[in-house]
Structures are given as structure tokens and as C-alpha cells.
Amino acid sequence: MKFTATVGVAGYGAYVPAFRIKGEEISRVWGDAAPVREKSVPGPDEDSLTMAYEAAREALEMAGVRPEEVGAVLVGSESPPYAVKPSATVVAEALGVTPRVVAADLEFACRAGTTAMILVAGLVASGAIRHGLAIGADNAQARPGDELDYTAGAGAAAFLLSGDRSRLLAVLEHAYSFVTDTPDFWRREGESFPRHAHRFTGEPAYFRHVVSAARGLMEEAGLKPSDFDYVVFHQPNVRFPLRAAQLLGFREEQVKLGLLAGEIGNTYAAASLIGLARVLDHAKPGQRILVVSFGSGAGSDAISLVTTEVVGSRKSSLERLLARRAYVDYALYAKQKALLRVA
Amino acid sequence: MVWVESAPRAWREGTRRYRLIGGKCPSCGGLVYPHRQVCPYCGREGLEAVALPRRGRVVTYAVVRNPPRGFEGREPYVIAVVELEGGARVLAQLTDVRPEDVRVGMEVEAVFRRYREQSPSGVIEYGVKFRPAI
Ligand SMILES: [Zn+2]
């Protein structure tokens, strides 16, 4: 897909909670080696909705757009606080953009945030709305002791997309989605934790979709890996995105800036978008960025952006959020993550 | 007073708790929270609804060790009077901070958090709290 009308990022925000648990602490309890150094843990009063709001408020403030000018709020998450009742309405109400707004939740495992971005970009590029918010937010759930318990993190990122050329920090060029029916990860109604098909989550799931979406975009757009200054992949751990980069012909220097899984774990729908926020915080004018998400079930979105002359004039709070780290042990982690039910 | 679950009450209080909307006095410029009709400083009526600054300082605080219903399991937590930039005072919970680390005068900023769950199957109430400024 090529965006023919101008649409881009006028503001963005990222959110990572204050708490961390070290990989070695999880290993102490469950025995296996941890694939990340540490991961983010939500506070006891946080969930995907509150994190979505924090990122969205920052995006709105950075864009300098008034709440009533926002025409869409799409929240992508696989950990909404309610099974039935949208998060988007609460986020929209708290931001002050209700009631004249297209607001809804999207669910597609870790991919929903980038899909929200493509949909909002479509609304903006068509002229249906002037500005819209796309949010990816998750408080990732994992069965205690499961492979995923070592990496399941928490965080959010939000992008205020706009058609006002003068406001844009980065312009969206192309998007390419690659989707198949692949049962690599799922959770049935009423179950507390997801299940996954272990090794199956690698080659036929993550790598096939990420590589196909990235290649698809580059072929369609006539671009090659060396045309990009930065590439951000979905990051369930540190190893997968580095391997995807290698398979596609990207150098490690192009991946490193947007790769945060070793510090905050896998933030699911927020993962590739927090990486993009990190890159935008440091990018220089005229740089090209490729973002490739992955969501189980399965699908990937590849999106390419080019920064404008005003990128860097406004930055997110991400570095400050990453610097604030309160370590919890596994017992407190279990309490804050509501793995323990008291009542 | 017996506290009962009520989705309508959560709805009525929601917007007021979600956003820091205060009142600004057209004659003395005083800022109050929440928004009300009469200025507590000069008695003038017709305060204008305004979005208040999100930053402020802790004026005083108390540590809650015996929480009311719906807040169990969160104790000990801190309730503080926060004076926002411009002077409006807000009574709210502090978050992301241990009670022993709270100081009078510490700089805080507004965040959006869970207040309480009315019950495990009931409505979740959200609203503004304050964290140490970052
Ligand atoms: Zn007055």
C-alpha cells in the first residue's frame, strides 16, 4: 500500500511502568535461563488502558492538537481490562476527545498497534478525519513458569497521525501487511493465560511473517535494506529481531536503537511502536525508518516512514521512563501482575 | 454509610476524576478543584471550567493502612494534598512511590490509574493520581 495523500506522525508518546524484574530473579524461581536481562512490570494500579492513556496524552501534547480535533482513537491490545467493554471509550473520555470520534479496540496479539496505525492513516489520508490516534498497549499475560513468563512485559506507545504537512515529524510512505491463519499462540474464552506451540512460534510464525512483510514492502516500494537508516522489528526477545535483520540483509547498527526487549521485555502490541518512538527521539531529518510488527495468529505489518526537518524538535519521555527502575522480586511481581488472587 | 456497587455512580464521577478540570475565578483569578460555582477566595460566582496544570507539589499527606472497601491489598498507600502550579489544591492518591519516600514539597505530576474495582466482576474505576515527577 502506498499513501498517496500526505499523512504522518505529528506527535508520539511512549510509556513504560516504573517497575522491573531481573531475568535472573525469574530464573531463581523457575530454573531456566532468561532470554532478557530484565523486563517491565506494571504497578498494582496499572493496566493496558492506563498505559494507553499515558502514551496517548503525550502524543497529543507533542502534536499540539486540541482534543476536540482528534477524529479517531484506536486502541490495539490483547490484554484489555474488560472482556466486554471497550478501552478506547475510557481513553477517549479521559483525553477529552469524546463524543464525536471513531473509537474502538483492535485485537491481533502483538500486531494490533501497527494495524491501528494503518487504519488511522487510511482515515487521515482519505480526508475523512484530520487527526487520529493509534495506540498499542499491553500488560502481557503469561502462565507463571511458562517460557513467556520470562519476557512478558508492559508498556504502550501512541501515534498522533495527521494530514497537516507542517506539523509532521515523519511522513508515512508505504505499508505492507502479510497475514495467514497460523495457530502459534492462542487463548480460549475464560482461560487466564495464553497457550503457544513452543518452537512452532519461530520459523512458520515470527520469521515467515516478519520477513515476508518487510520484503513485500521493499519490493513494492523499490527499496533495499541500505535505503533505511533504522529498522524496528517486533521483539519477543533480543534474538528474534537480530536474526530477522540478518535474514533480510540489515546490519546490526540499523536494528540496535529500536531494540529494547533486553531492558523492558516483550511489550506485545506496544513492542515495535515503543521501538519506533525510541528511533524518532534520536533520528535526524531525512532519515528513513522501517517498522515491522508481528502478531500471532498470525500477521505482520511493515510501515516505512521518512523523517522531516522538524524531527527531534520534540521528544518523548521514553528515555526518562527507561531510566526510572524500581526492582521487584518474584513475589511482588506476582502480586502486581495479579497472578495471586486474594479474594 | 454502607458502600454499594454502582455503575451509574462510577459514570457520574468518571469525567470529573478522569481529567483535572477546575474552576477559574473571573475576578481574582483563583483556581479551584474540583470546578464549583462560587469562588472560595472572593465569593464571585460563575467560575470558568479550565484544564488545570498537571504538575505540582505535595503540601501534606497521610498514609492509609486500613483502606476502605475496594482498595484492599493496596495498603499502605498515600493520600496527599497536591498544590498544582497556579495554586489549585487537589486531594488524590500518590502512586509509584513508597510511603517512606514521600516528602512535603516533593514535585509530582498527574497520571491516569485504576482507583478501585467495585468487585472482581464489577466496574473498574479510573482516575487521576500523582507520581513523583520524572
Ligand atoms: Zn475569586
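## Two chains, two domains each

Which domains does the domain assignment give for chain B? The assignment splits chain B into domain 1, residues 1-52, and domain 2, residues 54-134. Please keep in mind as you read that this is a predicted model.

Chain A has a domain 1 and a domain 2 as well. Here domain 1 is written in two pieces, 8-169 and 314-335, while domain 2 covers 170-307.

## How the domains of chain A meet

Let's begin with chain A. Taken over C-alpha atoms, the centres of its domain 1 and domain 2 lie 16 Å apart. On the domain 1 side of chain A, 54 residues take part in the contact, and domain 2 of chain A brings 49 residues to it.

The size of an interface is often expressed as the accessible area lost when the parts come together. Between domain 1 and domain 2 of chain A, the buried area is about 4000 Å², with carbon and sulfur atoms giving 63% of it. If you would like residues to look for, try Cys110(A), Arg111(A) and Thr114(A): within domain 1 of chain A, these lose the most area to domain 2, and together they account for 15% of what that side buries.

## Polar links and building blocks in chain A

How many salt bridges cross the interface of domain 1 and domain 2 of chain A? The rule finds two. A salt bridge to look at in the structure joins the side chains of Arg278(A) and Glu319(A), with an N to O distance of 2.5 Å. There are also 17 residue pairs in polar contact between domain 1 and domain 2 of chain A, counting pairs with both residues at pLDDT 80 or more.

Several elements build the side of domain 1 of chain A that touches domain 2. At least two residues each come from strands S1 (8-15), S3 (38-41), S6 (131-139) and S7 (154-162) of chain A, and from helices H4 (112-125) and H10 (318-323) of chain A. By class, the residues on this side of domain 1 of chain A are 28 nonpolar, 13 polar and 13 charged.

## How the domains of chain B meet

Now for chain B, where 18 Å separate the centres of domain 1 and domain 2, again taken over C-alpha atoms. The contact involves 15 residues of domain 1 of chain B and 21 residues of domain 2 of chain B. About 1500 Å² is buried between these two domains of chain B, and carbon and sulfur atoms supply 59% of that area.

One salt bridge is counted between domain 1 and domain 2 of chain B. Arg17(B) and Glu125(B) form a salt bridge, and their closest N and O atoms are 3.8 Å apart. Two residue pairs are in polar contact across the interface of these domains of chain B, both residues being at pLDDT 80 or more. On the side of domain 1 of chain B that touches domain 2, helix H1 (7-18) and strand S2 (31-32) of chain B each give two or more residues. H1(B) provides the largest share of that side, five residues. The class count for this side of domain 1 of chain B is 10 nonpolar, one polar and four charged residues.

## A small detour: a sheet in chain B

Strand S2(B) also belongs to an open sheet of three strands in chain B, ordered S2-S1-S3 with antiparallel pairing. Its edge strands are S2 and S3 (48-51) of chain B, each pairing on one side only.

Where does S2(B) connect? Two bridges join S2(B) to strand S1 (residues 21-24) of chain B, and the two run antiparallel. In S2(B), Leu31(B) is the bridge partner of Lys24(B).

Notes. Residues numbered from 1 in each chain as written. Chains lettered and ligands numbered in written order. Predicted model: local features only at pLDDT ≥ 70, side-chain atom pairs only at ≥ 80, totals over all residues. Heavy atoms only, no water. Domains from an automatic or database assignment. Contact = heavy atoms within 4.5 Å. Buried area = accessible area lost by both parts, 1.4 Å probe. Salt bridge = Lys/Arg side-chain N within 4 Å of Asp/Glu carboxyl O. Polar contact = N/O pair within 3.5 Å; in protein donor to acceptor, adjacent residues only side chain to side chain. Helix = DSSP H or I, 4+ residues; strand = E, 2+ residues; numbered from the N terminus. Nonpolar A, V, L, I, M, F, W, Y, C, P; charged D, E, K, R; others polar. Pairing = 2+ DSSP bridges.
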